[in-house]
Amino acid sequence: MMIRTCVGCGAKRKKDELIRIVKPNGLKIDLKQREPGRAVYLCPKLKCLKIALKRKAITRGLKTPIKEKEKELLINFFEENYGN
Ligand SMILES: [Zn+2]
């Protein structure tokens with residue numbers, strides 16, 4: 001069983017219970033968890049995304065800066081799907 005850590009709240013959960021974010025060429029929400037390369041994981045909770053952004057944990061985890069547009073994309077996606 002693959003266990004990964006949420007870069008927001010720090011919870012350890014099964015990989016398929018987390019949202020995988022990768023940035024091969026531009027940031028991508030990898031729902032099928034198949035994209036190669038460095039990835040970070042988040043609980044499906046808006047709260048966790050917000051903590052992660054505040055702590056710059058996604059930038060650190062991916063070892064690459066996130067553009068303002070990419071940040072918006074993430075926020076919109078989490079608000080729409082995991083807003084509460
Ligand atoms: Zn979390």
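Which residue of E5 stands opposite Ile19? Leu42 does. The views below set that pair in its surroundings.

This is a predicted model, in which local features need pLDDT of at least 70, side-chain atom pairs count only at pLDDT 80 or more, and totals for chains, interfaces and linings use all residues. Residues are numbered from 1 along each chain as its sequence is written.

**View 1. The whole protein chain has three helices and five strands.** Helices (H or I, at least four residues) and strands (E, at least two) are DSSP runs, numbered from the N terminus. Read from the N terminus, the order is β-β-β-β-β-α-α-α. The radius of gyration is 11 Å, close to the 12 Å that the globule rule gives for 84 residues, so the protein chain is as compact as a globular protein of that length. That radius is taken over C-alpha atoms, and the globule rule is 2.2 Å times the number of residues to the power 0.38. The C-alpha trace spans about 35 × 30 × 20 Å along its principal axes. Of the 84 residues, 21% count as buried. A residue is buried if 20 or more other C-beta atoms lie within 10 Å of its own, exposed if 12 or fewer, and partly exposed in between, with C-beta atoms placed from the backbone. Among contacts with a separation of 6 or more, 48% come from residues 24 or more positions apart. Two residues are in contact if their C-beta atoms, placed from the backbone, lie within 7 Å.

**View 2. Three strands form an open antiparallel sheet in the order E4-E3-E5.** Strands pair if DSSP finds at least two bridges between them. Strand E4 (28-29) and E5 are the edge strands, and each pairs on one side only. Four bridges join E3 to E5 in the antiparallel sense. Ile19 and Leu42 face each other across this pairing. On the other pairing, E3 and E4 run antiparallel over two bridges. There Val22 stands opposite Lys28 in E4. E3 has a covered face with Ile19 and Ile21, and an uncovered face with Arg20 and Val22.

**View 3. A hairpin links E3 and E4.** Five residues lie between the two strands. Gly26 sits in the turn, with a positive phi of about 90 degrees. Further on, Lys32 lies in the loop between E4 and E5. Lys32 is exposed, because 6 other C-beta atoms lie within 10 Å. Its C-alpha atom is separated by 14 Å from that of Leu42, ten residues apart along the chain.

**View 4. The largest nonpolar core has 16 residues.** Such a core is a set of buried Ala, Val, Leu, Ile, Met, Phe, Trp, Tyr and Cys residues joined through C-beta atoms within 7 Å. Cys6, Val7, Tyr41, Leu42 and Leu49 have the most contacts inside this core. Strand E3 (19-22), strand E5 (39-42), helix H1 (46-54) and helix H3 (68-82) each supply at least two of the core residues. H1 gives the most, with four residues. Cys6 touches Ala11, Arg13, Leu18, Tyr41, Leu42, Cys43 and Cys48, not counting residues up to four places away in sequence.

**View 5. H1 turns one face inward.** Which residues of H1 are buried? They are Leu46, Cys48, Leu49 and Ala52. Seen down the axis of H1, they fall within an arc of 160 degrees, so they line one face of the helix. The arc is that of the directions from the helix axis to the C-beta atoms. An α-helix has 3.6 residues a turn, so residues three or four places apart point the same way. The buried residues of H1 pack against E5, H2 and H3.

**View 6. Two lysines in loops have positive phi values.** Lys56 follows H1. It lies in the loop between H1 and helix H2 (57-62). Its phi is near 55 degrees, a positive value in a residue other than glycine. Lys56 counts as exposed because it has 12 C-beta neighbours inside 10 Å. Lys63 is in the loop between H2 and H3. Its phi is positive, about 55 degrees, although Lys63 is not a glycine. Lys63 also counts as exposed, with 9 C-beta neighbours inside 10 Å.
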